[in-house]
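Take a moment to look over the model below. We will walk through it step by step.

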Amino acid sequence: MNSIDDSMNETFSYFFSDAGYDPAFLSALERPQVFSEEKETVIAQFETDLAKQLEHKPHRLEHSFGVGKIAQALAAVYGGDEEQQYKARVAGILHDWEKAYELDELLNKAQQLHLEEDPLLAGIDLADAKPLLHGFIAKKTLKNSYPFLSDDVLRAIALHTLGSVDASFLDKVVYIADFIEPSRGNEKRLRKVREQAGVVSLDELYFASYQASILFVIQTGRYLLPASLAIYNGLLQR
């Protein structure tokens, strides 16, 4: 775990050392809220469990820990209270829980769980949505493993891939954190969104992240779900 933390801290220092970033956001990253002993123990347990779950995917593990830290910082800088910051940290840590499995395995799990009946996936062919399924599967499997997880945390985990027109505060900070987490690289499209963190409103930052995600799918010649386009249009019209 220490090697993961050291690597992540080096990555954070490299990508967020630029003077162009919002000082409040940087401060929230460097000096995060310290939670109660009970909550810190739960976070540590989640990180330990995730390390076992993703033991063959160290890059994914580093990404997940990073998303947790960034989601917490975003929650803080956008006015979230201690509980919201805690939930953002937990949802960020756990968001890629099911990334331990390959796409075909995820499709099988989704079918076994009858995810086609999930209102959030209404009208979506699961076979067309394989890269997005891990969040929705995790919503169910994590609830079984950790019954105490709140519905809003599970929803944010589910929606971190597809997004939503009606995204909650928690949904937004986890989605954005997943997009701007440093291990994704330093491409212009990522830097542009990172530099807006703490500067523009949360809604504007969420839309910028969603728009950049849509453009990436199109530019790389991947299949764009009609649901994703509908969400984009819905956000655009707000």
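Are arginine 31 and glutamate 30 buried or exposed? Arginine 31 is exposed, and glutamate 30 is exposed too. Their side chains meet in a salt bridge, with 3.8 Å from N to O. Keep in mind that this is a predicted model.

Now step back to the whole chain. It holds 12 helices and zero strands. Read it along the sequence and the pattern is α-α-α-α-α-α-α-α-α-α-α-α. The C-alpha trace spans about 45 × 40 × 30 Å along its principal axes. Does that fold suit a compact globule, or what else do the numbers say? A compact globule of 238 residues would have a radius of gyration near 18 Å. The chain has 17 Å, which agrees.

Burial comes next. Of the 238 residues in the chain, 50% are buried. Contacts tell another part of the story. Take the contacts between residues at least 6 apart in sequence: 69% of them join residues at least 24 apart.

One buried residue makes a good example. Glutamine 85 is found in helix H5, which covers residues 82-94. Its relative accessible area is 8%. The cut-off for buried is under 20%, so glutamine 85 counts as buried. Which residues does glutamine 85 touch, leaving aside its neighbours within four places in sequence? They are Gln33, Phe35, Gln72, Ala75, Ala76 and Gly80.

Back to salt bridges. A search of the whole structure finds 14. The pair of arginine 31 and glutamate 30 is one that we have met. Lysine 130 and aspartate 104 form another, and their closest N and O atoms are 3.0 Å apart. Lysine 130 lies in the loop between H6 and helix H7 (133-145), while aspartate 104 lies in helix H6, so the pair ties together parts that are 26 residues apart in sequence. Lysine 130 is partly exposed, with a relative accessible area of 22%.

A third salt bridge joins two helices. The side chains of aspartate 203 and lysine 172 meet at 2.4 Å, N to O. Aspartate 203 is in helix H11 and lysine 172 is in helix H9, so this pair links distant parts of the chain, 31 residues apart. How exposed is each partner? Aspartate 203 is partly exposed, with a relative accessible area of 46%. Lysine 172 is buried, at 14%.

Last, look for empty space. Rolling a probe the size of a water molecule over the atoms shows where such space is left. The largest pocket has a volume of about 1,000 Å³. It is lined by 33 residues, and the closest to its centre are Pro131, Leu132, Phe216, Val217 and Arg222. Which helices each supply at least two residues of the lining? They are helix H4 (58-77), helix H6 (103-112), helix H9 (169-180) and helix H11 (202-219). H11 gives the most, with five residues. What kinds of residue make up the lining of the largest pocket? By class, 15 are nonpolar, eight are polar and 10 are charged.

Two of these helices have appeared before. H9 holds lysine 172 and H11 holds aspartate 203, and both helices also help to line the largest pocket. Find them in the model and trace the salt bridge between their side chains.

Methods. Residues numbered from 1 in each chain as written. Predicted model: local features only at pLDDT ≥ 70, side-chain atom pairs only at ≥ 80, totals over all residues. Heavy atoms only, no water. 1 Å grid on protein atoms, 1.4 Å probe; cavity = no way out; pocket = protein on both sides within 12 Å on 5 of 7 lines; lining within 4 Å. Points joined across faces, edges and corners; volume = space filled by probe spheres on them. Helix = DSSP H or I, 4+ residues; strand = E, 2+ residues; numbered from the N terminus. Nonpolar A, V, L, I, M, F, W, Y, C, P; charged D, E, K, R; others polar. Salt bridge = Lys/Arg side-chain N within 4 Å of Asp/Glu carboxyl O. Buried < 20%, exposed > 50% of the residue type's maximum accessible area, 1.4 Å probe, protein only. Rg over C-alpha atoms; globule rule 2.2 N^0.38 Å. Contact = heavy atoms within 4.5 Å.
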